[in-house]
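Subject: Structure handover

Hi,

Here is the structure I promised to pass on. Please open it first; my notes follow below.

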Amino acid sequence: MIRTSILVFAAFVLSSCSTADAADRWTPIIGKWQYRQLNPRSLTGYDMEGERLEFARSGSTVVGRYFGLERMGDEGLYYTATTVTKLSLRDSVLSFVVPARSLYGKRPGSLAAAKKMKATGFTKHELTLTGRLVDGHLRLGCSAQPGECPEAIMVFGKLGQR
């Protein structure tokens with residue numbers, strides 16, 4: 001009886017630690033991130049605004065949101081807002097998919113705001129982003145159909161950090 005109780009207690013402690021460890025590995029990723037493309041015509045050398053990522057805890061899970069830019073040549077600039085899918089963090093490698101998404105004429109501040117806006121079109125292509133946290137930046141490789149990724153390697157800086 002005592003042996004069984006000790007085993008049950010040990011199993012409880014181990015499962016509690018692994019749950020805490022799983023939550024802690026997300027801590028450096030949680031927050032808002034931004035990637036801005038190089039733009040030699042800009043005073044700063046970068047676009048004024050860029051793709052944004054938001055990672056937040058929702059109960060025992062983590063959710064990701066992507067606020068992107070879609071450059072449509074002569075048609076202009078469009079904005080997207082969506083929840084990412086297939087979000088995972090394994091062995092320090094972050095990966096997720098940005099699914100097909102609606103296009104908007106102005107940038108939605110949130111997913112809730114996007115739902116209230118009238119879409120001006122949509123894009124069917126998915127982006128797969130995979131990478132790591134390197135020196136305080138998310139360094140993500142982007143793969144998709146040719147020409148659909150903003151860049152092959154996107155380096156996101158955490159907003160609110162210096």
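First, a caution: this is a predicted model.

Overall numbers
- Across the 162 residues of the chain, 33% count as buried.
- The accessible surface is about 10400 Å². Carbon and sulfur atoms hold 56% of that surface.
- Take the contacts in the chain with a separation of 6 or more: 45% of them come from residues 24 or more positions apart.

Secondary structure
The chain contains 2 helices and 11 strands. Along the sequence, the pattern reads α-β-β-β-β-β-β-β-α-β-β-β-β. The chain therefore opens with a helix, and the second helix is followed by four strands, by the definition of these elements and their numbering.

The sheet
How are the strands of the open sheet ordered? The order is β4-β3-β2-β1-β11-β10-β9-β6-β5. That makes 9 strands, with antiparallel pairing. The edges are β4 (77-83) and β5 (85-90), and each of these pairs on one side only. On average, neighbouring strands of this sheet are turned by 20° against each other, direction ignored.

One pairing in detail
Inside that order, β1 sits between β2 and β11. Strand β1 covers residues 31-35, and strand β11 covers residues 153-158. The two run antiparallel and are joined by 2 bridges. Which residue in β11 is the bridge partner of Gln 34? The partner is Gly 157.

That is the handover.

Best wishes

Terms used:
Residues are numbered from 1 along each chain as its sequence is written. This is a predicted model: local features need pLDDT of at least 70, side-chain atom pairs count only at pLDDT 80 or more; totals for chains, interfaces and linings use all residues. Side-chain values use heavy atoms; hydrogens and water are left out. Buried means under 20% relative accessible area, exposed over 50%, partly exposed in between (1.4 Å probe, protein chains only). Contact means heavy atoms within 4.5 Å. Accessible areas come from the Shrake-Rupley method with a 1.4 Å probe; for residues, only the protein chains shown count as cover. Two strands pair if DSSP finds at least two bridges between them. Axes are lines fitted to C-alpha atoms, for helices over the stretch in contact, and angles run from 0 to 180 degrees between N-to-C directions.
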